[in-house]
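Please take me through this structure in the viewer, one selection after another. I would like to know what to pick at each stop and what is to be found there.

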Amino acid sequence: MALLNILEFPDARLRTVAKPVADVDDQIRTLADDMLETMYHAQGIGLAATQVNVHLRLVVMDLSEAGDQPMVLINPEIEVLDDQTCPHQEGCLSVPGFYETIQRPEHIRLSARDRDGNPFELLPDGLLAVCIQHEIDHLDGKLFVDYLSPIKRQRIRSKLEKLHRHPD
């Protein structure tokens with residue numbers, strides 16, 4: 001397994017819309033394994049392939065305390081089941097150090113393929129539903145900062161640009 005480089009906002013490559021995975025093969029499984037290792041190393045709970053500059057519809061997650069329940073979502077799609085939303089504080093490995101409260105649909109249906117290419121469905125709620133929506137946004141070229149006011153988004157952008165120029 002290998003640690004991958006995580007792109008950081010405002011990198012334009014984070015805006016690339018990911019293409020569907022055509023075949024779930026050893027190359028995709030290796031990518032998923034590398035993404036999981038990268039996510040665990042960065043102490044995250046989710047990572048989309050777009051964040052590591054691979055523009056395929058692949059997401060990895062692990063919401064367990066022990067970090068021992070990895071999930072691989074290939075070609076994930078969601079359906080919002082009702083208009084009810086709930087606020088959750090979100091952060092992002094591509095927007096390090098920033099956390100904001102975002103409103104997202106509370107009830108969704110997930111359809112995806114697993115690490116072996118087998119189709120499955122889930123009716124997630126709570127943090128899992130939020131994480132799935134957050135990561136699918138990445139696959140669509142969207143970041144959680146896009147839900148913020150232009151002023152807040154620009155402030156975060158400026159701080160990260162300054163940090164990238166002067167990493168010390």
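The tour goes from the whole chain to single residues along it and ends at one helix.

Begin with the entire chain selected, and keep in mind that this is a predicted model. With the cartoon shown, you should find 3 helices and 7 strands, which follow one another from the N terminus in the order α-β-β-β-β-β-β-β-α-α. Viewed along its principal axes, the C-alpha trace spans about 45 × 40 × 30 Å; the radius of gyration is 16 Å, which agrees with the value near 15 Å that a compact globule of 168 residues would have. If you colour by burial, 40% of the 168 residues count as buried, and a surface display shows about 9,100 Å² exposed, of which carbon and sulfur atoms supply 49%. Among contacts with a separation of 6 or more, 66% are between residues 24 or more positions apart. Colouring by charge brings up 17 positive and 28 negative charges, whose mean positions are 10 Å apart.

Next, select phenylalanine 9 and proline 10, which are joined by a cis peptide bond with omega of about 15°. Proline 10 belongs to the segment that precedes α1 (26-41).

Move on to glutamine 43, in the loop between α1 and β1, where phi is near 60°, a positive value in a residue other than glycine. Glutamine 43 counts as exposed because its relative accessibility is 73%, the cut-off for exposed being over 50%.

Then select asparagine 75, which lies in strand β3 and has a positive phi of about 50° although it is not a glycine.

The last stop is helix α2, residues 126-139, whose 14 residues reach 21 Å from the first C-alpha to the last, close to the 20 Å expected at 1.5 Å a residue. How many of the 14 residues of α2 are buried? The count is 11, so the helix is largely enclosed by the rest of the structure. To see them, select the run from Ala129, Val130, Cys131 and Ile132 through Gln133, His134, Glu135 and Ile136 to Asp137, His138 and Leu139, each of which is buried. Now add the strands to the display: the buried residues of α2 pack against β1 (46-48), β2 (58-61), β3 (71-80), β4 (85-92), β5 (95-105) and β6 (108-113). β3, one of these packing partners, is also the strand that holds asparagine 75. Finish just after α2, at glycine 141, which takes a positive phi of about 75°.

Technical notes. Residues numbered from 1 in each chain as written. Predicted model: local features only at pLDDT ≥ 70, side-chain atom pairs only at ≥ 80, totals over all residues. Heavy atoms only, no water. Helix = DSSP H or I, 4+ residues; strand = E, 2+ residues; numbered from the N terminus. Expected span 1.5 Å × (residues − 1). Buried < 20%, exposed > 50% of the residue type's maximum accessible area, 1.4 Å probe, protein only. Contact = heavy atoms within 4.5 Å. Rg over C-alpha atoms; globule rule 2.2 N^0.38 Å. Areas by Shrake-Rupley, 256 points an atom, 1.4 Å probe, with all protein chains shown as cover. Lys, Arg positive; Asp, Glu negative; His and termini not counted. Charge placed at Lys NZ, Arg CZ, Asp CG, Glu CD.
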